[in-house]
Amino acid sequence: MKIRYFDHAATTPVREEVIKEIIPYFGVEYGNPSSIYTLGRRNRKIIDESREKVAKAINAKSSEIYFTSCGSESDNLALKGIMSANKEKGKHLITTKIEHPAILNTCKWLEKNGYDVTYLNVDNNGKISLSELKNSIRLDTVLISIMFANNEIGTIQPIKEIGQIAKSNGIIFHTDAVQAIGNVKIDVQDLNIDALSMSGHKIYAPKGIGAVYIKNGIKFERIQHGGHQENNKRAGTENVAGIVGLGKAIELIYNDFEKYNAKLINLRDYYISEIEKNFENIHVNGDRIDRLPGNANISFKGIDAGELLLKLDSYGICASAGSACTSGSLEPSHVLLAIGLKEDYAQGALRVSFGKDNNKEDVQYLIDCIKKSINNLKDE
Ligand code: PLP
């Protein structure tokens with residue numbers, strides 16, 4: 001059966017052009033980038049070129065980009081590294097209730113280790129309140145970490161305004177941009193972003209590669225100890241193939257940004273309007289305007305999203321639920337609870353995330369299969 005993939009927020013297939021570019025680094029180009037002979041130096045050079053590509057994509061300097069193993073590691077490095085290096089100023093950081101576990105669990109760890117965290121609420125569309133943010137600032141606030149766009153409901157936060165608030169209060173601003181990168185144009189200087197996390201596998205690069213931007217002048221400590229790689233800030237022999245893949249993928253996605261963006265918006269809006277036309281008792285989760293181009297998160301009242309996913313899987317469809325399946329019971333996600341969704345809607349949340357290879361015929365197939373699956377579930 002043909003697989004129809006609508007889960008690009010979970011991960012993306014590696015692009016053909018990226019695969020072609022990285023293959024030599026598994027084979028003939030095996031030198032250690034720290035070695036001084038030509039075979040090693042060639043790998044050092046390609047790492048530097050990839051760093052430049054990543055920096056250019058967000059209008060940063062290449063000296064501000066550190067390669068990591070994934071988005072989660074980037075979040076850990078930004079939060080732990082910045083809080084630990086700025087202890088003399090204070091131990092308070094502000095984040096939101098709807099962050100990815102890579103941020104929330106890092107905050108829990110920080111709390112256990114003597115730091116103080118404020119978790120901002122969000123409204124029914126998943127947006128923070130700028131006045132609540134301002135009111136949460138204390139003399140000892142070191143860091144504001146607010147995600148660029150949410151991975152479940154796609155809501156994009158008012159990043160420019162947050163950056164301005166942070167700047168005018170002398171507070172460092174980090175954003176988890178793992179979902180936003182490639183889907184939104186990001187200029188870290190214009191947006192006053194001091195630190196930003198990204199991950200390769202959401203933008204058609206391989207899994208196991210990420211990067212964190214940390215503005216020159218921001219104090220942060222390494223959290224992984226060892227050799228001198230990444231300007232002494234992240235030890236470990238570099239994942240050269242992954243780094244080359246991330247550089248190529250970010251370059252390709254932003255070179256083609258307008259076309260890619262318009263395509264995703266088209267598919268998303270068609271899908272949402274068809275679901276609204278064909279189903280009763282549904283709720284579109286997340287902001288209708290400030291939302292990721294490829295994200296559609298819709299709740300079907302009274303439907304168990306886990307069961308719906310299994311039915312869709314039998315038609316070859318890959319999508320995602322807005323609930324976490326823990327020991328057999330579907331718990332509504334912290335994001336859906338934070339936007340105040342009632343339980344009978346929260347349990348039926350289906351996240352569909354479109355990508356560059358989807359087309360309208362795929363979306364029509366998806367809608368037909370949702371219809372069949374829901375009718376089936378109602379009859380059971
Ligand atoms: N942050 C957000 C918003 C994400 O969506 C994800 C992954 O889904 C991560 C962080 C973690 O990224 P990685 O899978 O590269 O560790």
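This passage walks through the overall build of a predicted model, then its internal cavities, and then three individual residues.

A good place to start is the chain as a whole. The protein chain holds 13 helices and 15 strands. Its radius of gyration is 21 Å, close to the 21 Å that the globule rule gives for 380 residues, so the chain is as compact as a globular protein of that length. Taken along the principal axes, the C-alpha atoms fill a box of roughly 65 × 55 × 40 Å. Of the 380 residues, 58% count as buried. Contacts across the sequence tell a further part of the story: among those in the protein chain with a separation of 6 or more, 74% are accounted for by residues 24 or more positions apart.

Attention can now turn to the spaces inside the model. Two cavities of 30 Å³ or more were counted. The largest cavity has a volume of about 150 Å³. Its lining is made up of 16 residues, and the closest to the cavity centre are H8, A9, Q179, N183 and F354. In character, the lining of this largest cavity divides into eight nonpolar residues, seven polar residues and one charged residue. Where does the largest cavity lie with respect to domain 1 and domain 2? Domain 1 spans residues 16–255 and domain 2 spans residues 257–379; both give residues to the lining, so the largest cavity lies between them.

The second largest cavity encloses about 40 Å³ of space. Its lining consists of E21, I46, E49, S50, K53, V244 and K248. Two helices, α2 (38–57) and α8 (240–255), each supply at least two residues of this lining. The largest share, four residues, comes from α2. Sorted by character, the lining of the second largest cavity contains two nonpolar residues, one polar residue and four charged residues.

Three single residues round off the tour, and two of them share a backbone feature. N192 has a phi near 55°, a positive value in a residue other than glycine. This asparagine sits in the loop that runs between β6 (172–176) and β7 (195–199). Is N192 buried or exposed? The relative accessible area of N192 is 17%, and because buried means under 20%, N192 counts as buried.

Y204 also has a positive phi in a residue other than glycine, with a value near 70°. The place of Y204 is in the loop between β7 and β8 (210–214). Like N192, which is buried, Y204 is buried, and its relative accessible area is 0%. Strand β7 therefore borders both loops, with N192 in the loop between β6 and β7 and Y204 in the loop between β7 and β8.

The third residue, D362, belongs to a helix. D362 is found in α13, which covers residues 360–379. With a relative accessibility of 6%, this aspartate counts as buried too. Which residues is D362 in contact with, leaving aside its neighbours within four places in sequence? The partners are K2, R4, F6 and D357. An aspartate in helix α13 is thus in contact with residues that include K2, R4 and F6.

How values were computed:
Residues are numbered from 1 along each chain as its sequence is written. This is a predicted model: local features need pLDDT of at least 70, side-chain atom pairs count only at pLDDT 80 or more; totals for chains, interfaces and linings use all residues. Side-chain values use heavy atoms; hydrogens and water are left out. Buried means under 20% relative accessible area, exposed over 50%, partly exposed in between (1.4 Å probe, protein chains only). Contact means heavy atoms within 4.5 Å. On a 1 Å grid over the protein atoms alone, a cavity is a set of points where a 1.4 Å probe fits but cannot get out, and a pocket is an open set with protein on both sides within 12 Å along at least five of seven lines; lining residues have an atom within 4 Å of a point. Grid points are joined across faces, edges and corners, and a volume is the space filled by probe spheres set on the points. Ala, Val, Leu, Ile, Met, Phe, Trp, Tyr, Cys and Pro count as nonpolar, Asp, Glu, Lys and Arg as charged, and the others, Gly among them, as polar. Domain bounds come from an automatic or database domain assignment. The radius of gyration is taken over C-alpha atoms; the globule rule is 2.2 Å times the number of residues to the power 0.38.
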